[in-house]
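Here is a short walk through one protein model and the ligand it holds. Keep the viewer open and follow along, residue by residue.

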Amino acid sequence: MRKLEDLIRPSVRNMQPYSSARDEFKGEASVFLDANENPYNGPFNRYPDPLQWKVKEKIVRIKGVKPEQILLGNGSDEPIDLMMRAFCEPRTDNIVAIDPTYGMYHVAAEINDIEYRRVSLTAGFNLDADALLQACDEKTKLIYLCSPNNPTGNSLSREAIYKVLRMFSGIVVLDEAYIDFSSQPSFLGELDDFANLVVLQTFSKAWGSAGIRLGMAFASPEIIHVLNKIKYPYNVNALTQQEALKMLERHDTVIEWVRVLLAERTELAKQLSLLPYVKHIYPSDANFLLVKVPDADALYRYLVNLGIVVRNRNSVSMCLGCLRITVGTPEENKVLLNALKKYNPA
Ligand code: PMP
């Protein structure tokens with residue numbers, strides 16, 4: 001890996017971060033007259049903890065990392081963007097990512113005016129480490145990988161990910177939004193071995209909390225320090241922190257949800273495979289199935305007319321004719337299957 005100092009954008013390296021009232025005073029006090037808050041309407045009159053230490057303390061127990069290795073954001077969409085803002089000089093540096101994958105990497109790159117290079121997955125939706133590395137040059141600061149990948153659903157080969165981590169001199173952002181549904185272990189255990197690894201996870205999927213907008217980035221304390229420098233001071237609001245603390249006490253429930261959803265994924269795949277017009281169900285390590293049908297647009301419209309919304313991925317590269325179907329409750333999946341059984345392709 002190149003020296004972190006050389007990867008950071010010079011303006012970010014040289015800047016002084018904003019220091020909030022909550023940053024400057026730490027400790028016990030009874031009268032807070034430092035942040036121009038309204039003294040009435042507690043507890044929401046107070047700014048939240050800018051570094052969310054209580055939430056991080058609980059995350060640490062589950063994820064087995066150190067608090068200084070965590071950045072919390074407004075969904076994982078925030079660290080996806082922060083990484084680019086911290087490391088990529090607009091119109092100069094570039095990013096390399098797999099294709100197809102989660103659409104926000106490209107959107108964030110466009111917003112930040114950073115060249116975005118796509119490298120196709122193999123026909124089996126796997127990572128071609130050599131092709132990915134060949135697409136990189138001295139201006140490539142970040143590689144974005146997603147495993148299990150959205151919208152394909154599969155985990156990328158671990159060996160290929162290791163190869164990229166070993167050979168790339170910039171930073172690898174590995175999005176593990178769906179890791180709790182995967183048969184593969186997380187790369188969190190590799191953080192100490194790879195200084196250039198950033199793992200993204202989220203409360204939006206297995207944790208059942210997409211509405212609170214809470215994403216996690218895990219990396220070396222040095223990388224987390226850079227992200228903390230440029231994030232908005234109070235990027236995770238008090239209500240979100242409060243609810244996250246509650247959810248983190250319900251880890252057993254989350255494990256049970258995952259167990260049910262995995263059983264439902266198996267059953268849904270089995271039932272879908274019995275439909276004569278279904279051409280292919282791709283193997284999934286996530287909480288959704290990518291399903292190939294003869295006319296995805298027509299089937300999508302048929303389902304919408306019945307009040308059932310799936311994601312039409314027909315226009316996504318390598319996903320021609322595909323719908324992405326999230327695994328729902330047993331009841332929701334039955335409603336979907338009943339509708340699909342009645343469908344008559346023209
Ligand atoms: N990464 C991937 C791969 C996703 O599919 C999604 C959401 N669809 C996200 C990140 C965004 O997650 P969040 O809600 O944490 O912003």
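How many Å separate an oxygen atom of the ligand from a polar backbone atom of S76? The distance is 2.7 Å. Please keep in mind that this is a predicted model.

## Around the ligand

Let us stay with the ligand for a moment. There are 13 residues around the ligand, and those that come nearest are S76, D175, Y178, T202 and S204. Polar atoms of the protein face ligand oxygen atoms at several places, and the table sets out three such pairs.

| Residue | Part of the residue | Distance to a ligand oxygen atom |
|---|---|---|
| S76 | polar backbone atom | 2.7 Å |
| D77 | backbone N or O atom | 3.2 Å |
| R213 | side-chain N or O atom | 2.7 Å |

So in the table S76 and D77 take part through the backbone, while R213 takes part through its side chain. On its own, the ligand has 400 Å² of accessible area, and the protein covers 91% of that. The ligand occupies the space of the second largest pocket.

## N287, a loop residue with a link to Y178

Y178 makes a handy bridge to the next stop. It is one of the residues that come nearest to the ligand, and Y178 is also in contact with N287. Where is N287 found? N287 belongs to the loop that runs between β8 (280–281) and β9 (288–292). Its relative accessible area is 11%, so N287 counts as buried. Leaving aside neighbours within four places in sequence, the contacts of N287 are Y178, F181, I325, T326 and V327.

## Two cis peptide bonds

Next, two places to look at in the backbone. G42 and P43 are joined by a cis peptide bond, with omega about 0°. P43 sits in the loop between α3 (21–24) and α4 (53–63). Another cis peptide bond joins N150 and P151, and there omega is about 15°. P151 is likewise a loop residue, placed between β4 (140–146) and α8 (158–167).

## Two residues with positive phi

R91 is not a glycine, yet it has a positive phi of about 65°. Look for R91 in the loop between α5 (77–87) and β2 (94–99). Is R91 buried or exposed? R91 counts as exposed because its relative accessibility is 74%, and the cut-off for that word is over 50%.

F125 has a positive phi of about 65° too, and F125 is not a glycine either. The loop that holds F125 lies between β3 (115–120) and α7 (129–134). F125 has a relative accessible area of 3%, so it is buried. The two residues therefore fall on opposite sides in burial: R91 is exposed, whereas F125 is buried.

## Buried polar residues: D99 and N196

D99 is placed in strand β2. At 14% relative accessibility D99 counts as buried, since the limit for that is under 20%. Not counting residues up to four places away in sequence, D99 touches R118, V119, S120, L121, S317 and M318. With S317, one of these, D99 shares a polar contact of 2.8 Å between the two side chains. In contrast, L245 is 146 residues from D99 along the chain, and the C-alpha atoms of the two are separated by 36 Å.

What does the side chain of N196 reach at 3.2 Å? The side chain of N196 reaches the backbone oxygen of F168. N196 lies in the loop between β5 (171–175) and β6 (197–202), and with 3% relative accessibility N196 counts as buried. Apart from residues up to four places away in sequence, N196 touches M1, L165, F168, G170, I171 and V172.

## L275, after α11

The last stop is L275, in the loop between α11 (251–273) and β8. L275 counts as buried because its relative accessibility is 8%. Which residues does L275 contact, leaving aside its neighbours within four places in sequence? They are L340 and K341. I224, for its part, is 51 residues from L275 along the chain, and 48 Å separates their C-alpha atoms.

Key:
Residues are numbered from 1 along each chain as its sequence is written. This is a predicted model: local features need pLDDT of at least 70, side-chain atom pairs count only at pLDDT 80 or more; totals for chains, interfaces and linings use all residues. Side-chain values use heavy atoms; hydrogens and water are left out. Helices (H or I, at least four residues) and strands (E, at least two) are DSSP runs, numbered from the N terminus. Buried means under 20% relative accessible area, exposed over 50%, partly exposed in between (1.4 Å probe, protein chains only). Contact means heavy atoms within 4.5 Å. A residue is near a molecule or strand if one of its heavy atoms lies within 4 Å of it. A polar contact is a pair of N or O atoms within 3.5 Å; within protein, one must be able to donate a hydrogen and the other to accept it, and residues adjacent in sequence count only if both atoms are side-chain atoms. Accessible areas come from the Shrake-Rupley method with a 1.4 Å probe; for residues, only the protein chains shown count as cover. On a 1 Å grid over the protein atoms alone, a cavity is a set of points where a 1.4 Å probe fits but cannot get out, and a pocket is an open set with protein on both sides within 12 Å along at least five of seven lines; lining residues have an atom within 4 Å of a point. A molecule sits in a cavity or pocket if more than half of its atoms lie within 2 Å of its grid points.
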